[in-house]
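Subject: Structure handover

Hello,

Here is the structure I promised to pass on. My notes on it follow below.

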Protein chains: 2
Amino acid sequence: MTEQKHPYLRKDQRRTMIAEAARALILEKGYAALRTRDVASRAGINTSTLHFHVPTKAALVALVAETTRDSFLALLPPVPDPKQPARMQLRAEAAAYHDSLRDHPELAACFAQLHQIAGTEPAIAQMLDGFTQNWCQRYVEILTIGQKQGVFRADLHPLPAALALTGALAAFGPRAPTGLAMFWPVFDETERGFLATQPH
Amino acid sequence: MTEQKHPYLRKDQRRTMIAEAARALILEKGYAALRTRDVASRAGINTSTLHFHVPTKAALVALVAETTRDSFLALLPPVPDPKQPARMQLRAEAAAYHDSLRDHPELAACFAQLHQIAGTEPAIAQMLDGFTQNWCQRYVEILTIGQKQGVFRADLHPLPAALALTGALAAFGPRAPTGLAMFWPVFDETERGFLATQPH
DNA sequence: GGGAAAATCAATCATATGGTTGATTTATGA
DNA sequence: TCATAAATCAACCATATGATTGATTTTCCC
C-alpha cells in the first residue's frame with residue numbers, strides 16, 4: 001500500500017508527482033491532448049490542488065521540461081576525459097542514450113513533444129536548444145580527443161561529425177522503446193566512417 | 001488581384017486552399033494550437049463552409065498529411081539509376097531535401113508536427129512510416145549502386161548507412177529554413193565516411 | 001432563362017477547458 | 001494544546017472549440 005487516500009504532501013513531492021503524471025500523459029496521448037484535468041486525475045488530486053502547486057498550464061509545461069531535462073542529464077556518462085580511450089567513451093556515450101531510450105522512453109518522447117511547442121514558447125525552445133547543444137558538444141569533445149589519440153581520421157571535422165552522429169541517433173527517439181534494433185548497426189556504421197584506419 | 005471576395009470554388013480547389021491554410025498555421029503555431037476556426041479564417045471562408053468540404057478535424061489532419069506527403073514527393077529527384085554516378089545521385093538526393101527545407105519549410109515542419117500525433121492516429125502513423133521508409137530506401141539503393149561502382153566502401157552496410165544519413169539530415173527539419181548552415185558540412189562529413197578511398 | 005445542384009454564411013448548440021472562489025481538512029511549531 | 005499556515009477539495013465561471021442547422025447566394029447546364 002504505497003498510495004494513501006489524502007496524503008497532504010509537501011509542495012516539492014506533489015510537484016514531482018504532477019510532473020510524472022504529465023509526462024506519462026504526454027507519452028500516451030501527445031502534448032496536443034494534454035489536459036490539466038487529466039494531469040490532476042492521474043496524480044490523484046483535484047484540479048484546484050493542481051493549480052495550487054502549478055499556477056498555469058504554461059508553468060506545468062515548464063515544469064515538465066525542466067524535470068525531463070534533469071532526468072536525462074542524470075543518465076549521462078562522465079564528461080569526456082582526454083586520458084580515456086576515445087572509442088570507449090564514444091560507445092559509452094551512445095550506450096547511455098540507448099539505455100535511456102530502452103528504460104525511460106518517456107524522456108525522449110517528451111522531448112520530441114516539447115519540440116513542437118518550442119516555436120511558440122521561447123523558454124522551452126531555449127531549454128531544448130541548450131540541452132541539445134550540450135549533448136552534441138560532448139560528442140565533439142570525444143571526437144577531438146580521439147583525433148589526438150590517432151583513432152579518428154585527422155581530416156575529420158568534429159562538429160559536423162558530431163551533428164551527424166547525434167542526428168542519426170536522435171532519429172531513434174520517437175521509435176523507442178521498440179524499434180531500437182538498428183541502433184547499434186547505425187552507430188557502428190557511423191563510427192567506422194570516423195576511424196583513421198579501416199578495421200581488418 | 002488574385003483574391004475574389006466570394007469565389008464559389010469547386011471542392012478540389014477549396015480543399016487545397018484549406019490544406020494550405022492548415023499547414024501554414026501548423027508551421028506557425030504548432031499542431032497543438034490548430035483550431036478549425038483559424039483554418040477557416042486563414043482560408044477566407046466560414047467555419048460552416050470548412051465543414052462542408054472537410055467534415056471533421058480528423059479529416060482535416062488526414063488531408064494535411066496526404067497533401068504534405070504529395071508535395072514532398074513532387075520535390076524528389078528521379079529514382080536511383082545504376083548507370084549514373086552514385087555520388088552525384090547521393091548529392092542530388094540531399095540537395096532536393098535541402099532545397100525543400102529552404103523553399104518549403106512548412107513541409108518538413110508539418111511532418112514533424114504530424115509525427116507527434118502518429119501515436120494516437122494510426123492512419124497518420126502509417127502514412128509517415130511509409131514515406132520515411134520510401135525516402136530511406138532511395139538512399140539504400142544509391143549506396144548499393146555506389147558500392148558496385150566502387151566509390152563507396154565494400155564493407156559499407158547500406159541500410160544502417162542510409163538510416164544514419166537520413167537521420168542526420170532529418171535533424172535539420174525542425175531548424176528550417178534558418179539553421180541550415182551546417183547542412184552541407186554534415187552531409188560532406190558523412191559522405192566522406194562512406195567513400196572507398198580517402199580524398200587526397 | 002430557369003430550375004436543380006453546389007457552395008457559402010450567420011446564428012447557434014453542446015461540450016471541453018483553463019482557471020477561480022471559498023470552505024474544509026491536515027500539518028506545524030511555539 | 002492550539003492557533004496558524006499549508007494543502008486539499010467541491011462547486012463554479014468564462015471562454016474556447018468542434019460541429020450543426022437552416023437560410024442564402026452562386027454556378028451549372030438544359
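P7(B) has a polar backbone atom 3.3 Å from a phosphate oxygen of DNA strand C. That is a polar contact (a pair of N or O atoms within 3.5 Å; within protein, one must be able to donate a hydrogen and the other to accept it, and residues adjacent in sequence count only if both atoms are side-chain atoms). K11(B) also uses its backbone: an N or O atom there lies 3.1 Å from a phosphate oxygen of DNA strand C. H51(A) uses its side chain, with a polar atom 3.5 Å from a phosphate oxygen of this strand.

Before going on, some ground rules. This is a predicted model, so local features need pLDDT of at least 70 and side-chain atom pairs count only at pLDDT 80 or more, while totals for chains, interfaces and linings use all residues. Residues are numbered from 1 along each chain as its sequence is written, chains are lettered from A and ligands numbered from 1 in the order in which they are written, and side-chain values use heavy atoms, with hydrogens and water left out.

**DNA strand C**

The surface near DNA strand C has 23 residues. Near means that a heavy atom of the residue lies within 4 Å of the strand. R10(A), R35(A), R14(B), S48(B) and H53(B) come nearest. Of the strand atoms within 4 Å of the protein, 65% belong to sugar and phosphate.

Which elements supply this surface? α2 (36–43) and α3 of chain A each give at least two residues, and so do α1 (11–29) and α3 of chain B. Helices here are DSSP runs (H or I, at least four residues), numbered from the N terminus. α3(B) gives the most, with 4 residues. By type, the surface has 7 nonpolar, 9 polar and 7 charged residues. Ala, Val, Leu, Ile, Met, Phe, Trp, Tyr, Cys and Pro count as nonpolar, Asp, Glu, Lys and Arg as charged, and the others, Gly among them, as polar.

**DNA strand D**

DNA strand D is surrounded by 24 residues. The closest are R14(A), S48(A), H53(A), R35(B) and R37(B). Sugar or phosphate makes up 64% of the strand D atoms within 4 Å of the protein, and bases the rest.

Some phosphate contacts stand on record here too. A side-chain N or O atom of R14(A) is 2.6 Å from a phosphate oxygen of DNA strand D. For R35(B), a polar side-chain atom lies 2.3 Å from such an oxygen. K57(B) uses a backbone N or O atom, at 2.9 Å.

α1 (11–29) and α3 (47–53) of chain A each supply at least two residues of this surface, as do α2 (36–43) and α3 (47–53) of chain B. The largest share, 4 residues, comes from α3(A). The split is 7 nonpolar, 10 polar and 7 charged.

**Where chains A and B meet**

Chain A brings 30 residues to the contact and chain B brings 29. Contact means heavy atoms within 4.5 Å. The two chains bury about 2500 Å² between them, with 59% of it on carbon and sulfur atoms. Buried area is the accessible area (1.4 Å probe) that two parts lose on being put together, summed over both.

Across this interface there are 7 residue pairs in polar contact, both at pLDDT 80 or more. On the chain A side, α1, α6 (105–115), α8 (158–170) and α9 each supply at least two residues. α8(A) has the largest share, 7 residues. That side divides into 14 nonpolar, 9 polar and 7 charged residues.

The interface also holds 4 salt bridges. A salt bridge is a side-chain nitrogen of Lys or Arg within 4 Å of a carboxyl oxygen of Asp or Glu. In one of them, the side chains of E189(A) and R153(B) meet at 2.7 Å, N to O. E189(A) lies in helix α9 of chain A and R153(B) in the loop between α7 (122–149) and α8 (158–170) of chain B, so the pair joins two chains. E189(A) counts as buried because its relative accessibility is 1%. Buried means under 20% relative accessible area, exposed over 50%, partly exposed in between (1.4 Å probe, protein chains only). R153(B) is buried as well.

**Salt bridges elsewhere**

The whole structure has 22 salt bridges over all chains. One of them links E191(B) and R91(B), with the closest N and O atoms 3.3 Å apart.

Best wishes
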